[in-house]
Amino acid sequence: MIDFSKFRYFASAYERPSFKYRCGRMARWGKACARGPDISGSCGGVTECTPLFRDGRHYCRRPKRAGGDCFDGPLPDGACSQSHPPCAPRRTLRVWRGRAALAAIFIVISLIAISMSSRPDGVAGLAFVDPGPLSGHHANLSVEGSVACTVCHAAAGASADTWLASVVTHADMDGQCTDCHVFGGPSNIAHNRTLFGVTRPDLGETTCRSCHKEHKGAEADISKLTDAQCNTCHLTRFDSFSRNHADFVKPFPYRKRNNIIFDHASHIGKHFSDPKTAADAPANCNGCHLTEQAARYVPVVGYQEACSACHEDQVIGREMAVLRFPEFDQNYLEESEILDACGLTPQQAADLFERLRAFEEGDRPDPREPEEYFAYSLEQATVIGSLLTGIDIDDVAGQSEPLQRLFLAMTRSGQDPLVELAATRTTTAGARQLFAGLSPELARQTACQWARNVEYVRPDAERPRGWGADEFSLLYRAIGHADPVMKSWMDFAAAAPGRITGEEDHQRALAMRTLFADRKTGPGACAKCHSLEDVSTSDGVEQLAFKWSYYRDEQRSQKFFNHQPHLGLSGPEIACESCHRLNADADYAGSFEDFDPTLFVSNFGSVERATCVDCHNETGVRQDCTLCHRYHEDPKFNKPVTRYMVKPKGEGDDGS
Amino acid sequence: MDPDFLVSVTAILFLSLISVWVLWLGVDALRSRAIARRSVEAEHGFLQARVAQIMAQKDFEKEKKELSWNGYRKFEVTERRDEGGNITSFILRPHDKKKLPPFHPGQYLTFSLTAGDWPKPMIRCYSLSNCHQPDCYRVSIKRIDKNPAIAQSHDGRVSNHFHQKIQPGAIIDVKAPSGQFFLDITKSPPIVLIAGGVGLTPLLSMLNAVVATGSKREVWLFYGVRDGSHHIMREHLAQLALENENINLRVCYSSPRTDDVRGRDYHHHGRVTIDLLRAELPSSNYRYFICGPADMMKQATAGLKAWGVPENHINYEAFGAATVKNVASPGVVKPDRAMKIEFARSGKVLDWDYQSESLLDFAENHGILIESGCRAGNCGTCLTAVKSGDVEYVTEPGEQPESGSCLTCISVPKADLKLDA
């Protein structure tokens with residue numbers, strides 16, 4: 001701090017902040033003379049005053065501050081009698097500071113000018129302007145074999161004024177990073193994150209170089225973030241995770257439900273201890289969760305090892321009735337048409353033979369009278385059939401002719417009419433997938449029988465897995481877990497209500513989805529474990545889908561937890577329960593009634609921050625921001641970097 | 001021309017200039033260090049001179065104290081020289097042949113003389129007319145003759161006694177040198193000496209002292225006499241002026257004789273006036289030492305004051321009845337009731353007039369006789385007992401009078417006063 005009081009008028013006659021010189025005596029002995037240096041820097045204190053001449057006498061003008069009129073008074077020639085040897089005034093610190101600053105500026109400018117003009121390519125010719133080596137892979141960027149400044153610096157090689165301007169604005173640096181690096185959101189928005197696609201201009205834009213500083217050496221980790229850097233922007237600041245980080249928002253981390261409905265509470269509490277199933281129950285978490293492969297997620301062993309022992313029977317046991325021979329009100333088909341396609345049954349052939357013989361014997365019946373029609377089947381049409389053919393299950397009169405016509409068509413060309421009908425509800429390929437593996441012969445045989453208004457008699461006693469039929473129904477039975485045909489039917493059913501318009505058809509589609517989504521009776525028992533989830537897109541069309549994979553599709557890329565190091569701490573048996581504490585009272589199953597994955601009640605209680613703080617604290621394990629948080633949303637390269645080439649400057653710019 | 005080349009050349013030029021500047025800074029630092037060293041040396045010399053001056057003063061005081069004497073000391077007149085113009089110089093050597101104390105040039109000796117027809121010893125003060133010599137003093141005494149224009153005047157008794165009776169070999173009583181009118185030879189402000197007639201004597205002492213000490217201080221001597229016959233020490237003065245360029249001599253004859261040649265014998269025709277000083281001096285910034293007839297001193301003092309010279313720069317020898325004293329400032333307000341001065345022996349009670357310069361003047365003005373000598377508070381002749389009341393001294397007495405008495409020549413009443421006179 002400068003003591004400004006020394007500049008007060010009564011403290012010093014001449015010492016001012018802007019004065020270039022100070023008294024030499026002051027510098028040497030700490031006691032300035034009363035007059036101080038004059039403006040040219042020579043000693044002004046040789047005499048103590050400049051006497052005034054008036055009326056033949058010189059009058060002393062020594063200021064009161066310096067003692068007033070001196071005793072001896074001026075000499076006769078007007079000189080002051082109080083003379084001192086002159087001192088050598090010193091330049092003030094201010095002057096030296098100014099000179100040093102000027103000299104530094106000139107030297108820097110000069111050296112830059114020399115170095116810039118010393119090499120024709122504009123690349124630094126002198127080592128001192130070398131900004132330092134690039135880190136990692138950036139060091140390999142090159143243009144035609146030489147260092148590729150232009151890859152990042154748009155102004156490199158440009159004219160001197162552009163170059164100078166970019167020193168101040170850094171504008172030449174913006175935009176080049178995203179030539180290679182892309183993110184899950186806009187690169188110039190904090191955390192690449194927008195709120196439902198809306199950016200907030202009031203938060204301003206970010207630039208890559210705000211955090212990433214290059215030219216720090218080959219070994220430098222330019223992606224490392226410090227807590228201080230986070231705190232630069234975040235208004236809610238805290239000292240450390242352990243001290244005053246916000247508590248986790250409950251339920252943490254179970255914000256969305258799993259794709260697979262697995263009620264830990266009922267399994268552990270009920271089924272694993274049930275004598276019927278206890279033999280197959282896992283001993284601990286490790287039985288299903290592959291803790292040795294734990295990372296961000298702990299993978300599970302999968303259906304075959306974990307579930308099939310108990311649930312395989314349900315998978316293959318629940319058949320899907322695709323088509324059924326229902327109750328008809330009358331026959332709408334010409335017998336000849338059926339005969340044409342199916343030929344005679346042994347019974348009919350026997351009948352015909354009998355009648356021919358009777359005819360030869362002279363028994364000529366009257367022109368045939370139509371026989372009274374009686375419904376052979378009293379079954380109800382399937383929900384799938386009603387959707388495919390557009391019939392009402394309850395409307396016997398209405399469904400008779402369409403179904404009979406369908407059966408007739410099937411007698412001619414197998415399952416093709418079914419595929420065609422399905423193709424009107426989904427894609428052709430999807431339709432083929434629905435009926436994949438269905439033998440045309442089975443389709444024709446069942447159709448012939450049902451067209452003749454008789455039951456189908458299965459040739460073998462046991463109904464096999466896959467396509468099959470019984471007396472009145474065309475059925476599908478899952479071959480095993482993850483049966484592709486069953487899966488495609490599930491997907492078809494889930495998507496149908498969103499895809500099919502028309503009041504009645506939509507209702508039928510909903511009925512079909514309800515059928516498939518039934519967790520207790522649904523075909524293949526798929527819906528027992530695979531959740532049906534609302535995957536509606538932002539255009540407003542309601543869309544549901546069964547979730548097949550164990551992992552959720554979207555992952556929270558900006559938070560990161562690694563299970564692995566935690567599991568080694570106390571052994572896997574109790575390690576899981578240290579954080580994931582089972583909550584038997586939670587309505588886990590109920591949270592799957594709805595299709596919204598965020599309305600979730602986990603089997604486990606929320607993980608508390610305090611649990612983490614037990615270890616992650618000042619005296620324990622790391623607790624910096626980037627241990628758990630990632631800045632970027634889904635960082636990746638937009639193209640293979642190895643093929644990245646920067647077009648040399650000038651090429652193509654001139655229109656050639 | 002290639003702009004890159006220009007940029008390069010300019011930059012190199014800049015760098016060269018900066019290099020030159022840095023070199024120059026180094027040279028300048030050396031130069032400034034040399035200046036500082038010289039400055040320190042000069043300061044050192046200056047301080048040494050100051051110390052030497054102070055030491056000289058100390059030595060002077062010490063020597064004076066050691067060698068001085070109290071009361072009267074017997075001196076032998078070893079030589080007398082007629083200087084012309086009724087002025088005779090006497091060389092006095094101590095009868096005991098011991099060393100003499102130094103004195104300030106301008107001081108005087110106090111003599112006590114007895115003669116057969118005098119009822120009591122006469123006390124007189126005569127200025128020393130030479131600078132200090134360790135073995136002898138010199139006084140120059142003008143013989144005072146009866147002024148024919150004034151009826152009551154008479155010949156100077158003591159001066160005539162000196163001129164007529166004192167011959168080499170005579171023993172006389174002398175007090176140690178004293179007096180406030182002197183030149184401090186340890187200092188060096190330029191001085192102007194204004195002498196009228198025999199008033200030259202103390203100023204001559206000063207002049208000789210300046211020359212003797214080798215001081216280069218500027219000295220002007222304005223010496224006013226009637227004519228060549230009164231122009232004493234002519235050769236001595238002329239030689240000093242010739243040999244020392246710091247000494248300027250201006251001799252003025254008020255009424256030159258026919259054979260007095262201007263330019264050879266004197267410089268100005270007329271008295272030493274303030275106009276002459278204004279014409280000769282570059283400014284009034286001198287210390288003035290004036291000694292001469294009362295009229296001249298009064299005029300010179302008034303003229304100098306009018307010229308802006310402060311009072312403490314004007315020194316004059318105060319002796320005799322009509323010399324200049326510290327006149328009561330004109331601003332003094334007379335109180336309503338004047339102070340009563342009672343002269344017990346004369347039986348007079350008078351109102352103090354606030355204008356008289358001393359009680360002695362006041363008494364003489366009213367016809368009351370008080371014996372007096374130097375009239376400068378030195379000889380003690382005018383010592384008078386104070387019966388009641390108190391007095392104030394206008395100048396510091398040379399010797400503090402004993403309590404209950406006062407030196408009437410330099411005192412004024414403080415309140416109602418009763419004097420034994």
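**Entry 1: the antiparallel sheet of chain B**

I began with chain B, where I found an open sheet of 6 strands whose order is E4-E3-E6-E1-E2-E5, with antiparallel pairing. At its edges I noted strand E4 (122-127) and strand E5 (137-142) of chain B, each of which pairs on one side only. I also looked up how neighbouring strands of this sheet are set against each other, and on average they are turned by 40°, direction ignored. I should record early that I am reading a predicted model.

Within this sheet I followed one pair of strands: strand E3 (residues 108-113) and strand E6 (residues 171-175) of chain B run antiparallel and are joined by 2 bridges. For B:Phe111 I wrote down B:Val174 in E6(B) as the bridge partner.

**Entry 2: the parallel sheet of chain B**

I then turned to another open sheet in chain B, which 6 strands form in the order E10-E9-E8-E7-E11-E12, and here the pairing is parallel. The edge strands are strand E10 (268-269) and strand E12 (314-316) of chain B, and each pairs on one side only. Looking at the E10 edge, I saw that strand E9 (residues 247-253) of chain B pairs with E10(B) in the parallel sense over 2 bridges. Here B:Cys252 has B:His268 of E10(B) as its bridge partner.

**Entry 3: the nonpolar cores**

Which residues have the most contacts inside the largest nonpolar core? I found B:Leu193, B:Leu203 and B:Phe222 named for this, in a core of 88 residues. Helix H3 (residues 200-213) of chain B gives the largest share of this core, with 7 residues. I followed B:Leu203 further and, leaving aside its neighbours within four places in sequence, listed its contacts as B:Leu193, B:Ala195, B:Leu221, B:Phe289 and B:Cys291. I also noted a second, separate core of 55 residues, which includes A:Leu323, A:Leu438, A:Met490 and A:Ala493. As background to this entry, nonpolar side chains tend to be buried together in soluble globular proteins.

**Entry 4: where chain B touches chain A**

For the contact between the chains, I counted 27 residues from chain B and 26 residues from chain A. On the side of chain B that touches chain A, the largest share, 15 residues, comes from helix H1 (residues 3-67) of chain B. I sorted the residues of that side of chain B by kind and obtained 16 nonpolar, 7 polar and 4 charged.

**Entry 5: chain A as a whole, and helix H15**

Moving to chain A, I recorded 22 helices and 13 strands as its secondary structure. Of its 656 residues, 23% count as buried. Among the contacts in chain A with a separation of 6 or more, 59% are between residues 24 or more positions apart.

I chose helix H15 (residues 440-451) of chain A for a closer look, and its 12 residues reach 16 Å from the first C-alpha to the last, close to the 16 Å expected at 1.5 Å a residue. Is H15(A) mostly covered or mostly uncovered? I found that H15(A) is mostly covered, since 9 of its 12 residues are buried. Among the buried ones are A:Arg444, A:Gln445, A:Cys448 and A:Trp450. What covers the buried residues of H15(A) includes, within chain A, helix H9 (335-342), helix H12 (396-413), strand E9 (466-469) and strand E10 (473-477).

**Entry 6: unusual backbone spots in chain A**

Just after H15(A) I stopped at A:Asn453, which has a positive phi of about 65° although it is not a glycine. A:Asn453 is found in the loop between H15 and E9 of chain A. I was curious about its surroundings, and A:Asn453 counts as partly exposed because it has 19 C-beta neighbours inside 10 Å, where 20 or more would make a residue buried.

I compared this with A:Asn192, which takes a positive phi of about 55° and is likewise not a glycine. A:Asn192 lies in the loop between strand E7 (181-182) and helix H4 (227-233) of chain A. Because A:Asn192 has 20 C-beta neighbours inside 10 Å, it counts as buried.

Last, I looked up cis peptide bonds in chain A, and I noted one that joins A:Lys250 and A:Pro251, with omega about -5°. A:Pro251 sits in the loop between helix H5 (241-244) and helix H6 (264-269) of chain A. The peptide bond from A:Phe252 to A:Pro253 is also cis, with omega near 0°, and A:Pro253 is found in the loop between H5 and H6 of chain A.

Methods. Residues numbered from 1 in each chain as written. Chains lettered and ligands numbered in written order. Predicted model: local features only at pLDDT ≥ 70, side-chain atom pairs only at ≥ 80, totals over all residues. Pairing = 2+ DSSP bridges. Helix = DSSP H or I, 4+ residues; strand = E, 2+ residues; numbered from the N terminus. Contact = placed C-beta atoms within 7 Å. Nonpolar A, V, L, I, M, F, W, Y, C, P; charged D, E, K, R; others polar. Expected span 1.5 Å × (residues − 1). Axes fitted to C-alpha atoms, helices over the stretch in contact; angles between N-to-C directions. Core = buried A, V, L, I, M, F, W, Y, C linked by C-beta atoms within 7 Å.
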